[in-house]
Amino acid sequence: MPISPSSSAQAAREVVARRLRDLRKSAGLTVTELASQCGWHHAKTSRIENARTAPTATDIRLWCGVTGAQDQVDDLIAQSLHAESMYTEWRTQLRNGLTALQGSEPRLFRDTRAFRVYSSSLVPGLLQTEGYAAGVLGISAAFRELPVDDSAEAARARVDRSAVVHQPGHTFVFVVEEAALRYQVCGAEAMSAQLGYLLTAGALPQVSLGIIPMDAPQRTHWPRETFHIYDDRLVSVELVSARVKINQPSEIALYFKAFEQLRSMAVYGVEARALVLRAIEALH
């Protein structure tokens with residue numbers, strides 16, 4: 001069972017904090033002495049060493065300067081930036097609006113060869129139609145209380161990004177809970193169009209679409225948080241408050257294990273199409 005994804009980011013922060021604390025102790029400085037030489041309050045030193053506050057690049061340069069560890073500056077800054085990038089609150093990611101977010105990681109989508117996506121609540125973003133995406137993003141804009149609702153533009157940008165599904169050199173394995181086909185996050189017409197598109201996209205040779213029936217017997221996994229696996233190097237997990245990126249091999253392995261177990265409960269082909277058609281019929 002995957003551990004809480006936020007713990008991975010916190011663990012990365014703690015590694016940086018521990019290295020800084022060791023540098024201070026090796027230099028024979030107390031918390032107060034280091035703070036005095038760096039020109040800040042001793043409470044800041046404690047917050048950094050206990051991983052409650054992330055050090056800035058300037059903080060790390062000063063810290064290494066007073067402890068005589070200038071040779072570790074670049075490595076510590078890189079490690080700290082990496083730790084902070086693992087856990088990014090949605091409010092930070094949405095500063096420039098929903099549309100900008102859709103194109104924020106072009107290299108990730110371009111360079112990934114094998115996409116694995118599990119979704120318990122929504123049609124996966126890479127399979128969303130514009131009408132459905134507008135509904136999802138509109139709900140997000142309202143929940144986040146964004147000053148400008150650009151969900152319509154963002155929906156178009158999401159569909160443009162999804163063109164990767166039709167580009168050569170990529171494979172896609174989607175596992176979706178049947179319940180996700182029933183949640184009406186947009187109007188009935190848009191919802192019907194979305195479900196119809198699933199029938200088309202699921203038939204593409206590069207796409208495997210599995211649906212876990214709501215009445216699947218003896219589940220080996222309950223519905224999980226939505227997560228994406230990019231090749232074997234990155235897992236992205238969507239929480240209410242943030243998106244967490246995981247690249248620790250041991251944790252990636254756990255998500256692979258969870259994905260395979262979830263995938264084994266899904267139905268494919270004719271059986272999956274029947275579940276989609278049943279959801280379409282329920283709209284009328």
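**Close-up views of the predicted model**

**View 1. Gln 206 lies in the loop between α11 and β4 (207-212).** The model shown here and in the other views is predicted. From its place in this loop, Gln 206 makes a polar contact through its side chain with the backbone oxygen of Val 165, at a distance of 2.7 Å. Val 165 is also among the residues that Gln 206 touches once those up to four places away in sequence are set aside. The others in that set are His 166, His 170, Thr 171 and Phe 172.

**View 2. Gln 194 is a buried residue of helix α11.** The helix spans residues 188-201. Relative accessibility of Gln 194 is 0%, and the cut-off for buried is under 20%, so the residue is classed as buried. A polar atom of the Gln 194 side chain is placed 2.9 Å from the backbone oxygen of Leu 127. With neighbours within four places in sequence left out, Gln 194 has contacts with Val 123, Leu 127, Gln 128, Thr 129 and Tyr 132. Leu 127 therefore appears both in this contact list and as the residue whose backbone oxygen faces the polar side-chain atom.

**View 3. Lys 44 sits in helix α3 and pairs with Asp 59.** The two side chains form a polar contact of 2.9 Å. How exposed is Lys 44? Its relative accessible area is 21%; because buried requires under 20% and exposed over 50%, Lys 44 is partly exposed. Thr 32 may be included in the same view: Lys 44 and Thr 32 are separated by twelve residues in sequence, and their C-alpha atoms are 9.8 Å apart.

**View 4. Ala 51 has a positive phi without being a glycine.** The angle is near 60°. Ala 51 belongs to the loop that runs between α3 (42-49) and α4 (57-66). Its relative accessible area of 11% falls under the 20% limit, so Ala 51 is buried.

**View 5. Gln 218 is a further residue with positive phi that is not a glycine.** Phi is about 50° here. The residue is found in the loop between β4 and β5 (227-230). Is Gln 218 buried or exposed? With a relative accessible area of 75%, over the 50% limit, Gln 218 is exposed.

**View 6. One cavity of 30 Å³ or more is counted in the model.** The volume of the largest cavity is about 60 Å³. Ten residues line the largest cavity, and those closest to its centre are Arg 13, Val 16, Thr 53, Ala 54 and Pro 55. Two or more lining residues come from each of α1 (5-26) and α5 (73-86). Helix α1 supplies the largest share, three residues. Sorted by class, the lining consists of six nonpolar, two polar and two charged residues.

**View 7. The whole protein chain, for context, has 13 helices and seven strands.** The chain has 284 residues, of which 46% count as buried. Its exposed area is about 14,100 Å², with 54% supplied by carbon and sulfur atoms. Among contacts between residues at least 6 apart in sequence, 75% join residues at least 24 apart.

Note on methods:
Residues are numbered from 1 along each chain as its sequence is written. This is a predicted model: local features need pLDDT of at least 70, side-chain atom pairs count only at pLDDT 80 or more; totals for chains, interfaces and linings use all residues. Side-chain values use heavy atoms; hydrogens and water are left out. Helices (H or I, at least four residues) and strands (E, at least two) are DSSP runs, numbered from the N terminus. Buried means under 20% relative accessible area, exposed over 50%, partly exposed in between (1.4 Å probe, protein chains only). A polar contact is a pair of N or O atoms within 3.5 Å; within protein, one must be able to donate a hydrogen and the other to accept it, and residues adjacent in sequence count only if both atoms are side-chain atoms. Contact means heavy atoms within 4.5 Å. On a 1 Å grid over the protein atoms alone, a cavity is a set of points where a 1.4 Å probe fits but cannot get out, and a pocket is an open set with protein on both sides within 12 Å along at least five of seven lines; lining residues have an atom within 4 Å of a point. Grid points are joined across faces, edges and corners, and a volume is the space filled by probe spheres set on the points. Ala, Val, Leu, Ile, Met, Phe, Trp, Tyr, Cys and Pro count as nonpolar, Asp, Glu, Lys and Arg as charged, and the others, Gly among them, as polar. Accessible areas come from the Shrake-Rupley method with a 1.4 Å probe; for residues, only the protein chains shown count as cover.
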